[in-house]
Amino acid sequence: MGSAVKRMCADGTAVEHILATLCDQIGPQKFNAWFKHGTRLGIESDRVAVSVPNPFVANWIETHYQTHISAAVKSHTGQSSPVIVTVDPTLSGRLRKSQLDHQAELVARATQGRCRPRQPAKPTKLRHQLSNFVVGQSNKLAYSGAMAVADGKAPFNPLFIHGSCGVGKTHLLQGICHAALQRRGAAIAWRYLTAEQFTNDFLTAMRQKKLPAFRSRYRKLQLLAIDDVHFFSAKKATQEEFLHTFNAIESAGYQLVLASDAHPRLVGELNAQLTSRFVAGMVVKIEAPDKAVRMEILRKRAQGIKLNVSEDVLDYIALHIRGSVRELEGALIKLAAVAALEAGPVTLSMAAESLADHLARTDSAITLGDIEAAVTTFFGITPADIHSSRRTKTVSTARMIAMFLARRHTQMSYPEIGRSMGKNHSSVVLAVQRMEALLARCGELSWMTPMGGRSMPAKKLVELLSEQFS
């Protein structure tokens, strides 16, 4: 256990004991990479609030460490509490270069299958239902598709939902599975999991020479929901196996539901046959929530955390935070903490003062998280890569484009972009200047992939990526 955690234990507070237990559970290496500096944990009577600096870390912690956090809390309090992961961009300044590099290395090990063999993925506990999904102009088509699948009346297969981080893709996938369970109970063979879990399950089956059991487990499903499909990028063997799984389920007349950060045609290094299968169904994008949806989300979340807040305050937050649901939740949780500390009501002036820095980093319809998701999905890498100090041709190119697009499509300054990506101000300035020069001379960008070199005119690539979040 690291010295920081030892110091926490000595202080004797609940959060410090829980973090120490978490460190023991996952090991100091992973604890230092994901929890030591850029993550804040708070314990309240009915929930565990985990605040992180960006959507990528939020997704990673939800996928890999949510059960560990719950277990650590229960071991100390004796109670099971829901873990709510939210984004607070102000935490990005706490991340250190070594920590960002460490995150990238851990993600690379997982994505390239260099981890120890694991047991087959267990069915994920469903946390979301379609009944509490907030519907508006930005997502009503995706919701209609989800309802059609849930009712068993979908005239399409698969349903492929794409959109930036935190707009409700996972909510819809889990909601479909929950509805199918309610309608048919034990009679339906279903599974919800991430593409990473499918990949790890497949690799384990290969190592242990248990592929027949793996195939029987997946190809006989009547409902298969796969989240984060972009994780399949550049994984040739996994893509081929999933293609056969897809064909077996579809030919049996059963349903697949998929979600990704990008349109199937923009997922880097994806098998052409898989792409063809995906676009043959219903492909629908969830846009960032409009103001009416953001208001309703805030009302429901405030009610859920028992925060008494006026419509004026909710309107103020909805007006300034126009990105993901997690960012909206993060603002509410920060307000709840300030109100508890000051032992007073939540006022508009309190919200303006306590959220000033938070809002300054999210006051845009397009966020840095949206841009990073689009860029890294296209290049077949992860946000952890562009946050790290890696300088391979592919990572450097993706990082330069992300910085350029952040300046073009958000209100973030050069220093703010640099802090959020673990770089300095001059690195962002240089990246923007290089991209502007490339565009001015109609130059090309080239990069390497596991399947060989690729190139594309800079202008075309910028337009293609911009379409994903504009």
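**Stop 1: strands β2 and β3**

Select β2 and β3 in this predicted model. The two strands pair in the parallel sense, over five bridges. Pick Ala 49 in β2 and look across to β3: Ile 84 stands opposite. Now add β1. Its pairing with β2 is antiparallel, again over five bridges. Here Gly 42 stands opposite Ala 49. Ala 49 therefore makes a good landmark, with Gly 42 opposite and Ile 84 opposite in β3; in general, side chains of a regular strand alternate between the two faces of the sheet.

Stay on β2 and show its side chains. How many of its six residues are buried? Six of six, so the strand is mostly covered by the cut-off of under 20% relative accessible area. Arg 47, Ala 49 and Ser 51 lie on one side. Val 48, Val 50 and Val 52 lie on the other. Both faces are covered.

**Stop 2: helix α5**

Select residues 66-77. This is α5, a helix of twelve residues. From first C-alpha to last it reaches 16 Å, close to the 16 Å expected at 1.5 Å a residue.

Colour Gln 66, Ile 69, Ala 72 and Val 73. These are the buried residues of α5. Look down the helix axis: they fall within an arc of 130°, so they line one face. The general rule is that an α-helix has 3.6 residues a turn, so residues three or four places apart point the same way.

What covers that buried side? The cover includes α2 (14-26), α4 (55-64) and the strands from the previous stop, β1 (40-44), β2 (47-52) and β3 (83-87). Turn to the face pointing away from the buried side. Thr 67 and Ser 75 are there, both exposed. Then step just past the helix to Gly 78, which takes a positive phi of about 80°.

**Stop 3: strand β5**

Jump to residues 190-194. This is β5, and five of its five residues are buried. Trp 190, Tyr 192 and Thr 194 point one way. Arg 191 and Leu 193 point the other way. Add β6, residues 223-227. The two strands pair in the parallel sense over five bridges. To find one of these, select Trp 190: its bridge partner in β6 is Leu 223.

**Stop 4: the largest nonpolar core**

Select Ile 226 and Phe 242. The largest nonpolar core has 59 residues, and these two touch the most other members. Helix α20 (residues 393-409) gives this core its largest share, nine residues.

Show what surrounds Ile 226. Leaving aside neighbours within four places in sequence, its contacts include Leu 193 and Thr 194. Phe 198, Phe 232 and Phe 242 are also among them. So are Val 257, Leu 258 and Ala 259.

**Stop 5: Ser 466**

Move to helix α23, residues 458-466, and select Ser 466. Is Ser 466 buried or exposed? It counts as buried, at 10% relative accessibility. Now show His 409. The two side chains make a polar contact of 3.2 Å. Beyond neighbours within four places in sequence, Ser 466 is in contact with Leu 405 and His 409.

**Stop 6: Ile 321**

Finish in the loop between α14 (311-320) and α15 (325-342), where Ile 321 sits. Its relative accessibility is 0%, so Ile 321 counts as buried. For a last distance, pick the C-alpha atoms of Ile 321 and Arg 265. The two residues are 56 apart along the chain, and these atoms are separated by 29 Å.

Definitions and conventions:
Residues numbered from 1 in each chain as written. Predicted model: local features only at pLDDT ≥ 70, side-chain atom pairs only at ≥ 80, totals over all residues. Heavy atoms only, no water. Helix = DSSP H or I, 4+ residues; strand = E, 2+ residues; numbered from the N terminus. Expected span 1.5 Å × (residues − 1). Buried < 20%, exposed > 50% of the residue type's maximum accessible area, 1.4 Å probe, protein only. Arc of directions from axis to C-beta. Contact = heavy atoms within 4.5 Å. Core = buried A, V, L, I, M, F, W, Y, C linked by side-chain atoms within 4.5 Å. Polar contact = N/O pair within 3.5 Å; in protein donor to acceptor, adjacent residues only side chain to side chain. Pairing = 2+ DSSP bridges.
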